[in-house]
Amino acid sequence: MTKTADKSARVARRAVSGGLRLAPYMFLVPFVVLFVVFMVVPIFIALYKSFFSIERSGLGFGGSNNSIFVGFDNYIQAFQNHEFIKSFGRVLLFAVIQVPIMLAFALLLALLFDSAVVRFKRFFQLSVFLPYAVPSVVAALLWGFLYQPKVSPIVSILSHLGVNAQFLSPDMVMWSMINIVIWSVTGVNMIIIFSSLQAVPRDIYEAARIDGAGEIRTALQIKIPMVSGAVMLTTLFSIIGTFQLFNEPQVLRSITSNISASYSPNMGIYQATTVGGDPNMGSAMAIILGLATFVLSLVVSVATNGKKSTGKKKGGK
Amino acid sequence: MSNAMPLGATTQPTRRSTANAAGSSKIKAKKPRKQRQPSYTAEGGERPALWARSITWVLMIAVAIYFLIPVYWLIVASTKSTGDLFSTPGLWFANLNLIDNIRALTEYDGGIFWRWLLNSFIYSGVGSLLMTLISVMAGYALAVYKFRGRNVVLAAVMGSMLVPTTVLAQPTYLLLVQLGMSNTMLGVLLPSLVYPFGVMLGFIFASQAVPVEILEAARIDGASEARTFFSISSRLLANGAVTIILFAFIGTWNSYMLPLLVLNDVKLQPITVGLAGWNQASQTVPGLQTMVIVGAMISVIPVAIVFMSLQRFWKSGLAAGGVKA
């Protein structure tokens, strides 16, 4: 509390001395310029482009391609494009499966690392976190090898056990990708939850123990509510991340035919812009994806705030 | 946007000045363990039960195997010749062929692999250093001054943290085409300099680490604001800056969609795009699989080294507010 009061006092004092008025703007200029050019302008360009279409045949314009205004045609076409709509369903399903599994896993690990039961914590924590150092493209390449029967030790071990694993079959390929994502991101989320567990004052646990609560009960009734904020934050970023799915399917596509060129919305956008040669359509699709992501994060944010306030009430009692 | 609040909330443990921010977080990580261990025995037999400990052991070993085996396999596979890769058990070494593999990798396509690695270092190294300077300056301005437009900038920063970089990849590509920067190094480098999460971290670190008295003193001594920043505040912010550099470095090292769209010239591509291209080609070009494996192994090493050696920084950074990599 004193901290914030202190801060506003300092800010106020700053404002009084008039010669400093320009300084903050000078410090901000590089960021603001780059922000406008590379975050704001692209959105407007994409928006603008999405309302045009390129007319290929040279009707009266000497064969040159010219843009014509088509209104919402690109959007209508995008919504009528079954593959594009299906790709949204796919990433949604992907998120619904992957995010809860991964977060439950991360939360369990964080709770274990925070408890007294785990030995060699540093080693185990590092091994969980190690995949964060592996770029997601490389992670996909790596697991791609582990999924291919010709080279994979996993497939050969499983076949010795009598299981015929086909990680890249049409039914399995989504699960295989979910596994790659879980492998890559569990560590980061575990550390975020773990840090917020470590920030909980220890006397609360002492009190709980004196009241006769065991480790498990403490974990369920005290620790989990205490870190609900961190868990919600990781949920939000995980869902946003899943909607942007691109690297894993794009890389795995080269080793299996069971991932279509428009498997995820981002792949559809990439496809339309490059191979499809229709950047205008790509822009319309990118705008749709952006809006969908925005709406989704808004929904999750609202849910987050609801959860948090109830959590606070519980803590206050 | 309201999600910025939990960010602030989680920073509480690392609020002291930078000099001991990282150090104290290290101590903090250990302290509770030391305190609690004796208290279990002191309270009499409240050590976790044997069954609990056994289950945890089994679970932990399974977890470690799951997370480590792919990397272990990568190391083993990178030492094998193409023949051995397909004919010997995957989880154990055969004839050590690593040196030959690296030689082959170096010779392949005129050493393009090392060019990719160099490109990645340029994109990530130069990019993250510049980006950190820009972000710290912006975060510092937001934390230390009061001025018109401050709230607008803060809101924009927080809001844009929710915009994933891949959503912007296609629009950014169109912009770069318009600017004539597609298929250039600048086209990949410049967009990576905008990193709202870095500004947010810079803002958090600056609010905690730069005491107002020092700035007042510098001002009374007649130092300009710029001089105060570069010779005094920047030192106080050094730890925070390293954290931002780390996240930025890893973020750009991993980026894939934008460079894939922007760079047609193989010589300009970063390692991710290059390796993924090889992987695709390896379905038809025999022997290229070994290159992909050795290349992937080598590409992980720099990040892993940076990571392991700078643990305390990313831990404090993560504590300061979730990751958006």
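So, Asp109(B): it's exposed, because just 12 other C-beta atoms sit within 10 Å of its own, and 12 or fewer is the cut-off for that. Keep in mind that this is a predicted model. What's odd about Asp109(B) is the backbone: phi is positive, about 55°, and the residue is not a glycine. As a reminder, most residues other than glycine have a negative phi. If you want to find Asp109(B) on screen, look in the loop between helix H5 (98-107) and helix H6 (112-144) of chain B.

There's another one to look at, Asn183(B), also not a glycine, with a positive phi near 60°. Where is Asn183(B)? In the loop between helix H8 (165-178) and helix H9 (185-189) of chain B. Is Asn183(B) buried or partly exposed? Partly exposed, because it has 14 other C-beta atoms within 10 Å.

Okay, zooming out to chain B. We've got 17 helices and zero strands. Of the 325 residues in the chain, 47% are buried. And if you take contacts in chain B with a separation of 6 or more, 77% of them are between residues 24 or more positions apart.

Now a helix pair, H3(B) and helix H16 (residues 288-309) of chain B. Their axes come within 9 Å and cross at roughly 125°. That angle is why we call H3(B) oblique to H16(B). The crossing is left-handed. On the H3(B) side, the contact uses Leu74(B), Ile75(B), Ala77(B) and Ser78(B); H16(B) brings Ile293(B), Val294(B), Ala296(B) and Met297(B). By class, that's seven nonpolar residues, one polar and no charged.

On to the interface. Here 88 residues of chain B are in contact with 91 residues of chain A. Which helix supplies the largest share of chain B's side? It's H3 again, residues 50-78, with 12 residues. Chain B's side as a whole has 60 nonpolar, 22 polar and six charged residues.

Last thing, the core. The largest nonpolar core has 165 residues, and the ones with the most contacts inside it are Ala110(A), Leu141(A), Ile193(A), Met285(A), Tyr140(B) and Ala296(B). The top contributor is helix H8 (residues 173-198) of chain A, giving 15 residues. You'll recognise Ala296(B) from the H16(B) side of that helix contact. As for Met285(A), leaving out residues up to four places away in sequence, it touches Ala78(A), Phe84(A), Pro265(A), Gly268(A), Ile269(A) and Ala272(A).

Note on methods: Residues numbered from 1 in each chain as written. Chains lettered and ligands numbered in written order. Predicted model: local features only at pLDDT ≥ 70, side-chain atom pairs only at ≥ 80, totals over all residues. Contact = placed C-beta atoms within 7 Å. Helix = DSSP H or I, 4+ residues; strand = E, 2+ residues; numbered from the N terminus. Nonpolar A, V, L, I, M, F, W, Y, C, P; charged D, E, K, R; others polar. Buried ≥ 20, exposed ≤ 12 C-beta atoms within 10 Å, placed from the backbone. Core = buried A, V, L, I, M, F, W, Y, C linked by C-beta atoms within 7 Å. Axes fitted to C-alpha atoms, helices over the stretch in contact; angles between N-to-C directions. Parallel < 35°, antiparallel > 145°, perpendicular 65-115°, else oblique. Left-handed = near helix turned anticlockwise from the far one by under 90°.
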